[in-house]
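The following exercises concern a single protein model and its ligand. Each consists of a task and a solution worked in steps.

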Amino acid sequence: MKRTMSYGKADVWVYRTYAKPLTGIRFIPESTFTGRRNILFGMNVKVAVEGDAFFSSFKEGDNTLVVATDSMKNFILKHAGDYQGATQEGFLEFVSHRLLETYSHMTTINISGEQIPFEELPVPTNGSFEPSPLVFRYSLNEQAGASIEVKREKDEIATTNHVSSLKGLKLIKVKGSSFFGYVKDEYTTLPESFDRPLFIFLNIDWRYNNLEDARGNTPDGYVAAEQVRDIACTVFHEQKSPSIQNLIYRIGTRILERFPQLLEVVFESNNRTWETILDEIPASQEGKVFTEPRPPYGFQCFSMTRDDLKSDGESNK
Ligand SMILES: O=c1[nH]c(=O)c2[nH]c(=O)[nH]c2[nH]1
C-alpha cells in the first residue's frame, strides 16, 4: 500500500491588486455576470508537497532536503506578483509548476485556493452611481474555489487533476417547495410538507474537458463561480422542488446544458430548513414565523456527467 507522505502550508493569504481582468465570459440567460475587474484578487491558498526524498526527514530527522513551509509561503506570495493571468485556477497551476521546476526532489504538488470575495459598491459619480474602483467590501458570502494537482512525469511537469468549485452558497426559498411521499414506518415522525421554506447550503464542483478553459485563456471557455451561483438561484426560483435531491439534479442539468465545456458537476447539499413556529399570523395574508432548525441536518451528495443530459432511458444510473 502506498504510504501517505506530504507536507505544506495552509492559510496562505494572498492579496494581489490590479491582476488581469477576467473578460470574454460566455453569456448565459440566468446571469448578469460579465467578468471580474480583479482590481483586488484575494485567495486563501493551501499547498501540499510530495516526494520520496522527504522520507528521511520523517524517519531520520534529516532536514537537508526540507524546504521550510515558511519558504513555501514566501514562494506563493512572490509568484503572485509574477502571475500574468486572470483566474485562481491559472495562478495555482502556475505556482505549482514553478515549485516543481525549482525543487527537483518534489514530485507532486496538490494546491487549492478559496477566492476572497471583495464586492464592488456604487458611489456617486458624475450624477449617477458607479462601482468604486478604490473601495471594496469584504464579503462573507459564498466563495469560488479551485484545486490543482501537478506531477513530475519523466522529463515533464504535467497538470494531472483540476477541479473548480463554488463553496458555501446559502439559499433560502420562502415558499414553493414540498417534501412528501417518503417512506412511512414506525420511525417516521416528520410531517409531510406541501409548502416548506427551503433553506439549502450548497457546494458545487465542476471539471472541464480542456484545462485551457479552466485557466481562463480561451474566449467563452471559463465558467465563473458567479454564473454557477446564478444558475442555482434561477433554477431554485423558477421551479417547485419536491426534494433537495431533485432540485440539485435540475441545477446540475442546467449547468451542463449551459456549459458544454464541462465534463462533470458534483454537488454536496445540506438541508437547513427552518422550523415553523407560527403557521399563520393574524391580519397577515401569508406571513409565518420561523426559527433555526435543531441539529442534526440532512445532506445529499450527487455527481452528474454529460450522459445525464441524454434523453430518458439512455442513462439513469
Ligand atoms: O429534500 C429533502 N430530502 C430528504 O431526503 C429529506 N429528509 C428529510 O427529513 N427532509 C428531507 N428533505
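**Exercise 1. Classify the residues of the shell around the ligand as nonpolar, polar or charged.**

Solution. The shell divides into three nonpolar residues, four polar residues and one charged residue. The classes are fixed as follows: Ala, Val, Leu, Ile, Met, Phe, Trp, Tyr, Cys and Pro are nonpolar, Asp, Glu, Lys and Arg are charged, and the others, Gly among them, are polar. The members of the shell are Phe179, Leu190, Arg196, Ser243, Ile244, Gln245, Asn271 and Gln300; a residue is included if one of its heavy atoms lies within 4 Å of the molecule.

Two conventions apply throughout. The model is predicted, so that local features need pLDDT of at least 70 and side-chain atom pairs count only at pLDDT 80 or more, whereas totals for chains, interfaces and linings use all residues. Residues are numbered from 1 along each chain as its sequence is written, and side-chain values use heavy atoms, with hydrogens and water left out.

**Exercise 2. Identify which atoms of Arg196, Ile244 and Asn271 approach the ligand, and state how much of the ligand the protein buries.**

Solution. Step 1: a polar side-chain atom of Arg196 lies 2.8 Å from a ligand oxygen atom. Step 2: in Ile244 the atom concerned is a backbone N or O, at 2.7 Å from an oxygen atom of the ligand. Step 3: a side-chain N or O atom of Asn271 is 3.4 Å from a nitrogen atom of the ligand. Step 4: the ligand taken alone exposes 290 Å², of which the protein buries 69%; the areas come from the Shrake-Rupley method with a 1.4 Å probe.

**Exercise 3. Locate the cis peptide bond between Pro295 and Pro296, and place the positive phi values of Asp11 and Asn126 in the secondary structure.**

Solution. Step 1: recall the general expectation. Most residues other than glycine have a negative phi, and most peptide bonds are trans.

Step 2: the bond from Pro295 to Pro296 is cis, its omega being near -5°. Pro296 belongs to the loop that joins strand E11 (289–291) and strand E12 (298–305). Strands (E, at least two residues) and helices (H or I, at least four) are DSSP runs numbered from the N terminus.

Step 3: Asp11 has a phi near 60° and is part of strand E1 (residues 7–17). Asn126 has a phi of about 45°, but its place is the loop between strand E4 (118–125) and strand E5 (128–138). Asn126 counts as exposed because its relative accessibility is 81%; buried means under 20% relative accessible area, exposed over 50%, and partly exposed in between (1.4 Å probe, protein chains only).

**Exercise 4. Determine how many salt bridges the whole structure holds, and describe the pairs Arg229 with Asp230 and Lys288 with Asp279.**

Solution. Step 1: the search finds 21 salt bridges, each requiring a side-chain nitrogen of Lys or Arg within 4 Å of a carboxyl oxygen of Asp or Glu.

Step 2: the closest N and O atoms of Arg229 and Asp230 are 2.9 Å apart. Arg229 is partly exposed at 25% relative accessibility, whereas Asp230 is buried at 13%.

Step 3: for Lys288 and Asp279 the corresponding separation is 3.3 Å. Lys288 is partly exposed at 33%, and Asp279 is exposed at 52%.

Step 4: salt bridges also link Glu30, Glu238, Arg254 and Arg258 into a network.

**Exercise 5. State how many aromatic pairs there are, and describe the geometry of Phe199 with Phe201 and of Tyr249 with Phe302.**

Solution. Step 1: the structure holds 12 aromatic pairs. Rings of Phe, Tyr and Trp (its six-membered ring) pair if their centres lie within 6.5 Å; planes under 30 degrees apart are stacked, over 60 edge-to-face, and the rest tilted.

Step 2: Phe199 and Phe201 are edge-to-face, with 5.4 Å from centre to centre and 80° between the planes. Phe199 counts as buried at 13% relative accessibility.

Step 3: Tyr249 and Phe302 are tilted, with 5.7 Å between centres and 55° between planes. This pair links distant parts of the chain, since Tyr249 is in helix H6 (residues 244–258) and Phe302 in strand E12, 53 residues apart. Tyr249 is partly exposed at 28%, as is Phe302 at 32%.

Step 4: Phe199, Phe201, Trp274 and Phe290 form one aromatic cluster.

Methods
A polar contact is a pair of N or O atoms within 3.5 Å; within protein, one must be able to donate a hydrogen and the other to accept it, and residues adjacent in sequence count only if both atoms are side-chain atoms.
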